[in-house]
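Here is a friendly tour of one protein model, written for someone who works at the bench. Please keep the sequence and the 3D view open as you read.

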Amino acid sequence: MGTNRALVGAGLAAVLWSCSGQSQSPMMPPLGAAQESVAYSAAQPLRKREPIRHVVIVFQENRTPDYLFQGLPGADIAKTAIDSQGNPVPLRPVSMAAGYDLAHGHDSFVTDYDDGKMDGFDRGLPQKLHLRPFGYAPPSEVKPYHEMATQYAFADHMFQSNEGPSFPAHLYIISGRSTDKSLEPYFVAANPHVGDTKAGAPGGCDAPKSTTVETIDPLAGTAGPSPFPCFNPVVLSDLLDAKSVSWRYYQEQDGPGLWHAYDAVRHVRYGSEYQNVIWPSTTFLSDIAKGQLAGVTWIMPGGPWSDHAGKHGTAKGPSWVAAVVNAIGESQYWNDTAIFVTWDDWGGWYDHVAPPIDNHYELGFRVPLIVISPYARRGYISKRQHEFGSILAFTEEAFGIPKGSLGGADQRADDLMDAFDFTQKARAFKHIDAPPFQPGASAYLGEEDP
């Protein structure tokens, strides 16, 4: 069971084990030696995002714009797909609670993308199942998402930074990459598994000892080593610590997991800053009610309200996100907050826009992005190219950190400035109408992520 622990202002050199009553892990590696240093290396001009004092990143699971945002005015959304036989296939309503998941590893990306033809989403599926990827959410299930997008800003050219599943995607949203100096030139490209088997495993420094993860050289496209999934990159929280900016990362439970990125960052996991990793996810709602919001917040969902498809899938995700947005909007923090709601990967669902390929592992398929703030442009559809690094770049600049300081996707990406108008007066918050959020029993779905 998680604890809601106080924020600390420890610097980058802090490597002591958290004094929270937990014992030291027998897998704990030597500390400090491999940690990468923080260097503000980018030559980009510093543009501080006045008056933003809080950034909240809500990271949902496995959906595309074509799936979630059918009918959104002005957005580039397809109604018809092309299957692997070259036939047009009308997209059809498929509940978010549909009981099946679709493959979305790096190999699946290559198949679905098909050299830019975007017609491989059903390849390899038996004929009786070949329509599964060609769905969209019934409008009644995603009304809260559409209300957020029409009240604020929506990006219809937001791309996943990586071409793969959840574990590396979650590394990107805190680091702008899925590697560290000990692993370069290879990037983590997959979800972890047990040894040389295909049995899935949770990722992180607390993963079972036999756990490994596949890697790729993004420039050459060749496979690399299969290391234990515990790394030491510079992460955004390091830069925030150097600026004395508070941060918190909310996740559903303790321990390793595909959605538990900070468990996979050695100097955070075994340092005092791990106090800023809070569970369960719903603690965020009570923290806001108590007047506690960090400068930067990441919010990972519980499985049942993650939007993740599969046998435990539900349609609770929009209610969860609405609860988070309403809690912030109706709090003292609204006037100085920017909220970014996005999804970690495409989940195997059809999308018609071919991603701009930078190398053999970047960029991935489109994912939705909603930008919510009293300074977001009302009903704006951003046509500019964005990626996970865009959120990192915005956050860097909001707190006086030069854009690109992580040296990853934040360096390449834009900073989402087009979605904001800081000359306008802060708009009053309007409550997002949604069914009451009822979490019920939580189950972590990450280990089912193919």
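A residue is called buried when its relative accessible area is under 20%. The model shown here is predicted. With that cut-off in hand, Leu 416 counts as buried, because its relative accessible area is 1%.

**Unusual backbone spots**

Most residues other than glycine have a negative phi, and most peptide bonds are trans. Leu 416 departs from the first habit, with a positive phi near 65°. You will find Leu 416 in the segment after α10 (409-412). Met 118 also has a positive phi without being a glycine, at about 55°. Met 118 sits in the loop between α2 (106-113) and β5 (135-136), and it is buried, with a relative accessible area of 3%.

Two cis peptide bonds are worth a look as well, and the table lists them.

| Cis peptide bond | Omega | Place of the proline |
|---|---|---|
| Glu 184 and Pro 185 | about 10° | loop between α4 (166-175) and β8 (187-188) |
| Trp 279 and Pro 280 | about 0° | loop between β13 (277-278) and α7 (283-289) |

**The disulfide**

A disulfide is a covalent bond between the sulfur atoms of two cysteines. Which cysteines form one here? They are Cys 205 and Cys 230, with their sulfur atoms 1.9 Å apart, and the structure holds one disulfide. The torsion about its S-S bond is about 80°, so the disulfide is right-handed. Cys 205 lies in the loop between β9 (193-194) and β10 (211-212), while Cys 230 lies in the loop between β11 (215-216) and α5 (236-242), so the pair ties together parts that are 25 residues apart in sequence. Both Cys 205 and Cys 230 are buried.

**The sheet and its helices**

Strands of a sheet pair through backbone hydrogen bonds, either parallel or antiparallel. In this model, eight strands make an open sheet with mixed pairing, and their order is β13-β12-β14-β1-β15-β16-β6-β17. At the edges are β13 and β17 (380-382), each of which pairs on one side only. Strand β1 (residues 54-60) runs parallel to strand β15 (residues 337-343), and seven bridges join them. Within this pair, His 54 stands opposite Thr 337 in β15.

Now for the helices. α4 packs on the sheet, where it touches β1, β12 (247-250) and β14 (296-299); the direction of α4 makes about 175° with that of β1. Helix α9 (residues 388-398) packs on the sheet too, touching β1, β14, β15 and β16 (369-372). The direction of α9 makes about 165° with that of β15.

Notes: Residues numbered from 1 in each chain as written. Predicted model: local features only at pLDDT ≥ 70, side-chain atom pairs only at ≥ 80, totals over all residues. Heavy atoms only, no water. Helix = DSSP H or I, 4+ residues; strand = E, 2+ residues; numbered from the N terminus. Buried < 20%, exposed > 50% of the residue type's maximum accessible area, 1.4 Å probe, protein only. Disulfide = S-S within 2.5 Å. Pairing = 2+ DSSP bridges. Contact = heavy atoms within 4.5 Å. Axes fitted to C-alpha atoms, helices over the stretch in contact; angles between N-to-C directions.
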